[in-house]
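Subject: Structure handover

Hello,

Here is the structure we talked about. Please open it first, then read the notes below.

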Amino acid sequence: MSNPKQFDCGIASIGLKFPSLGLSVDELARVRGIDPDKFTIGLGCETIALCARGETVVDLGVDAARRALERWDGDLSDIGMIAVGTETAQDMSRPLSAFIAEQLGLDGAVRSYEVKHACYGGTLALRQGLEWKQSGAAGDKAALVIAADVALYGEQDGGEPTQGAGAVAFIIDKPLLASVDVRSFAWSKPAFDFWRPVGESYPRVEGKFSLDCYNDATQFCFEQLAETRGGIDAVIAEYEAFCFHVPFPKMVRKGVNRLGEAYAWSKEESSDFFDTYVDPTMDWNRMVGNCYTASLWIAVTNQLAAHKEGSRIAAFSYGSGYGAELLSLTVEAGAKHPAWLADVESDFAARKMISGEDYLELRSEGKPKLVTAPEPAVANL
Ligand code: COA
């Protein structure tokens, strides 16, 4: 279960970043002429985080990375890999990691790349950072792993109240804040549940089908974990919290309901499990909406700050297409002083809550602009 000594690596530092605007879903419902209960009760949403004009996914990733780097005892010269999980790619070829590394001043003997698998991309980047360290390929270098997204849907799309934006950055080095079990439990199945064809700005979603895929993946990942522990009761006894990818909170509740069906829990048992182990993990998610690759890791960082050393945290990652993975983390001593709480407090305090009318004006400017190459660089091609 725990990691062998030669695999002594994990999360050494954490930084988060949320954009400068917020919109309550009640306000969105008002200007869309929809019953707000649909968004708040039906979907479990509260607030959407939005980028202001000119604010981009690159800015979010850079700021999260700077925060993680500032509170780590190494520096840029100790980073040997930057991996960015995102579904807000700025270019078909140039990875988001290059846009971010450029701003950080990170170059040289560094492996730099972007990881794509819908909302699962951040988890894959994290696992690759860990496995790179665990394999010995990293030497004494550390990995900078970032999950960053701006999640926007078309205007009046059913997904509009679930929008959000944010970034989480991790330094993968010594397990000062958390260790991550080498063993995890993956499940994948090719599907078109949520996808974005090349050249299109907003996703296409088979909403109900994507719920089915998410529920299936939840059940099949948990069944694998339970098999190694001798049953689901042992799983529940082992962990202090169960974090999920959060497209919107009601979807997580449905995933838990599926677990309840699979294990023949009563309605009360299902509710107790959700209320005790799952609902508290989504406190920050409710404040920012769906941040795609960052969503699960927002919940996990919330829980790393909430539990004492030695506590076990389960993390269920899901990305449409689809791929899923259930990971296990252990809270380490350094999390006793969770410096990343300051990121959340300062970003939430500083952000401007906009009116529904302001939101409509923001959207009227059209699709978000991509971060593009400077003109001379294009001319030199
Ligand atoms: N008061 C309370 N609840 C209400 C309501 C009201 N006035 N009106 C509707 N609801 C409830 C519905 O009963 C439904 O709940 P249920 O699913 O428990 O039955 C929920 O609100 C959503 O209503 P629905 O009619 O299904 O909404 P929709 O067709 O507009 O779909 C989404 C909304 C968000 C579900 C859909 O757009 C979607 O699936 N989006 C993306 C999903 C996603 O992110 N997939 C990626 C997976 S990672």
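In this predicted model, a backbone N or O atom of G158 sits 3.4 Å from an oxygen atom of the ligand. Two lysine side chains also reach the ligand's oxygen atoms. An N or O atom in the side chain of K208 is 2.5 Å from one. For K250, the corresponding side-chain distance to a ligand oxygen is 3.2 Å. The protein buries 69% of the 970 Å² that the ligand exposes when taken alone.

The shell around the ligand has 22 residues, and D35, K38, K208, S210 and K254 come nearest. By class, the shell splits into 8 nonpolar, 8 polar and 6 charged residues. Helices α2, α6 and α8 each supply at least two of the shell residues. Both domains take part: domain 1 (10-177 + 337-371) and domain 2 (185-334) each give at least three residues to the shell.

Now the pockets.

The largest pocket has a volume of about 1500 Å³. Its lining counts 48 residues, with E87, T88, A89, R196 and S201 closest to the centre. Four elements give two or more residues to this lining: β3 (47-50), β7 (164-173), β10 (194-195) and α13 (356-364). The class split of the lining is 24 nonpolar, 12 polar and 12 charged. Where does the largest pocket lie relative to domain 1 and domain 2? It lies between them, because both domains give residues to its lining.

The second largest pocket has a volume of about 600 Å³. It is lined by 31 residues, and those closest to its centre are G158, G159, T162, G207 and F248. G158 has come up already, through its backbone contact distance of 3.4 Å to a ligand oxygen. Elements α1 (25-32), α2 (36-42), α6 (207-229) and α8 (249-262) each supply at least two lining residues. Helix α6 makes the largest share, at 4 residues. In the lining of the second largest pocket, 14 residues are nonpolar, 10 are polar and 7 are charged. Domain 1 and domain 2 each provide at least three residues of this lining.

There is also enclosed space to look at.

The structure holds 1 cavity of 30 Å³ or more. About 60 Å³ of space lies in the largest cavity. Its lining consists of G44, C45, E46, T47, V246, P247, F248, P249, N285, R286, G289 and N290. Of these, 5 are nonpolar, 5 are polar and 2 are charged. The largest cavity lies between domain 1 and domain 2, since both give residues to its lining. F248 is one of the cavity's lining residues, and F248 is also among those closest to the centre of the second largest pocket.

Two backbone points deserve a check before you set anything up.

Most peptide bonds are trans, and most residues other than glycine have a negative phi. The peptide bond from G321 to Y322 is cis, with omega near -10°. Y322 is in the loop between β13 (312-319) and β14 (323-331). A118 is a residue other than glycine with a positive phi, near 45°. A118 is in the loop between β5 (111-115) and α5 (121-135).

Best wishes

Terms used
Residues numbered from 1 in each chain as written. Predicted model: local features only at pLDDT ≥ 70, side-chain atom pairs only at ≥ 80, totals over all residues. Heavy atoms only, no water. 1 Å grid on protein atoms, 1.4 Å probe; cavity = no way out; pocket = protein on both sides within 12 Å on 5 of 7 lines; lining within 4 Å. Points joined across faces, edges and corners; volume = space filled by probe spheres on them. Nonpolar A, V, L, I, M, F, W, Y, C, P; charged D, E, K, R; others polar. Domains from an automatic or database assignment. Near = heavy atom within 4 Å. Polar contact = N/O pair within 3.5 Å; in protein donor to acceptor, adjacent residues only side chain to side chain. Areas by Shrake-Rupley, 256 points an atom, 1.4 Å probe, with all protein chains shown as cover.
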